[in-house]
Amino acid sequence: MDKEHTGLLAGPDGVARCFWHGNLPDYLHYHDHEWGRPVADDRRLFEKICLEGFQSGLSWLTILRKRENFREAFANFEFDKVASFTDKDVERLLGNAGIIRHRGKIVSTINNARRAREMVDEFGSLAAWFWKFEPGKDERPQIVDLAHLRANPTTAVSVRISKELKKRGWSFVGPTTVYAFMQAMGLVNDHLEGCACRQEVEKQRKAFRRPK
């Protein structure tokens, strides 16, 4: 199996999957059980978009392996709680070696929690807002292969969501970050053609009740 051309990698069980988990146990579990599966829970959506922001310039594996530390540091990403963080909390977080100690990203997470609260007040939930941007069939490729993903680190939809979020005062939500978030929370199914998870995720997406 030529992963350089197909993007597929045989796992320890001999099953073909997207290559990027590298058969690392924790990354493989994330690929198989979380990535791309549709999410409607606001806390999880807020966590995902914040961690994608922290990932900017780093590998996702670095963030995944620090995720429990992030959850502990940021009140389990309950945005009502994070919205009340103060400058003292920023300094506390900058001293936390278990997370990414980047002042701009820490401040951004607190800011975005306040913006999330405003969005819930206006739309009822974060989920209702994000899912209204789900791409239609005409906005998706017929086949999701490695060449397509390499050529499209952003999409017209991720650009649109990024612009709307920035208008609402969110930060660290550029189009590339937003597209990674879209992939992670199941707004699109970017498991590669031939990946064992692709059809399973597609079934979940078909059964998923879009929030209104």
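This tour proceeds through the model one selection at a time, stating what is found at each stop.

The structure is a predicted model, in which local features need pLDDT of at least 70 and side-chain atom pairs count only at pLDDT 80 or more, while totals for chains, interfaces and linings use all residues. Residues are numbered from 1 along each chain as its sequence is written, and side-chain values use heavy atoms, with hydrogens and water left out.

**Helix H8**

Select residues 103-123, which form helix H8. Helices here are DSSP runs (H or I, at least four residues; strands are E, at least two), numbered from the N terminus. The 21 residues of H8 should span 30 Å at 1.5 Å a residue, and the end C-alpha atoms are indeed 30 Å apart. The expected span is defined as 1.5 Å times one less than the number of residues in the helix.

Next, colour H8 by accessibility, where buried means under 20% relative accessible area, exposed over 50% and partly exposed in between (1.4 Å probe, protein chains only). The buried residues of H8 include Ile106, Ile110, Ala113, Ala116, Met119 and Val120; Lys105 and Arg115 are also among them. Their packing partners are H3, helix H6 (79-82), helix H7 (87-94), H9 and H11. Just beyond H8, select Gly124, where phi is positive at about 95°.

**Helix H11**

Move to residues 156-167, helix H11. Its twelve residues reach 17 Å from the first C-alpha to the last, close to the 16 Å expected at 1.5 Å a residue. Select Val157, Ser158, Ile161, Ser162 and Leu165, which are buried. These residues cover an arc of only 135° around the axis, which puts them on the same side of H11; the arc is that of the directions from the helix axis to the C-beta atoms. On the other side of H11, Ala156, Lys163 and Lys167 are exposed. The buried residues of H11 pack against helix H3 (42-55), helix H8, H9 and H12. H11 is followed by Gly169, with a positive phi near 95°.

**The loop to H12, and H12**

Between H11 and H12 lies a loop that contains Phe172. Phe172 has a positive phi of about 55° although it is not a glycine. Most residues other than glycine have a negative phi. Phe172 is partly exposed, with a relative accessible area of 35%.

Continue to helix H12, residues 175-184. H12 is mostly covered, with eight of its ten residues buried. The covering elements include helix H2 (25-33), H3, H9, helix H10 (146-151) and H11. Within H12, select Thr177, which is buried at a relative accessible area of 13%. Not counting residues up to four places away in sequence, Thr177 touches Glu52, Gly53 and Phe172, contact meaning heavy atoms within 4.5 Å. Just after H12, Gly186 takes a positive phi of about 85°.

**The aromatic residues**

Show the rings of Phe, Tyr and Trp (its six-membered ring), which pair if their centres lie within 6.5 Å; planes under 30 degrees apart count as stacked, over 60 as edge-to-face and the rest as tilted. The structure holds 15 aromatic pairs. One of them joins Trp131 and Phe208, a tilted pair with 4.7 Å centre to centre and 40° between the planes. Trp131 lies in helix H9 (residues 126-131) and Phe208 in the segment after helix H13 (198-207), so the pair ties together parts that are 77 residues apart in sequence. Both Trp131 and Phe208 are buried.

Then select Phe46, Phe54, Phe70, Phe74, Phe77, Phe79 and Phe85, which form one aromatic cluster. Add Arg92, which lies over the face of Phe85 at 5.4 Å from the ring centre. A charge sits over a ring if NZ of Lys or CZ of Arg is within 6 Å of the ring centre and within 35 degrees of the ring normal.

**Asn76**

Select Asn76, in the loop between helix H5 (67-73) and H6. Asn76 is another residue other than glycine with a positive phi, near 60°. Asn76 is partly exposed, with a relative accessible area of 33%.

**The cysteines**

Finish at Cys18 and Cys195. A search of the whole structure finds zero disulfides, a disulfide being a pair of cysteine sulfur atoms within 2.5 Å. The sulfur of Cys195 is 3.8 Å from the closest cysteine sulfur, in Cys18, which is too far for a bond. Cys18 is buried at a relative accessible area of 1%, and Cys195 is buried at 6%.
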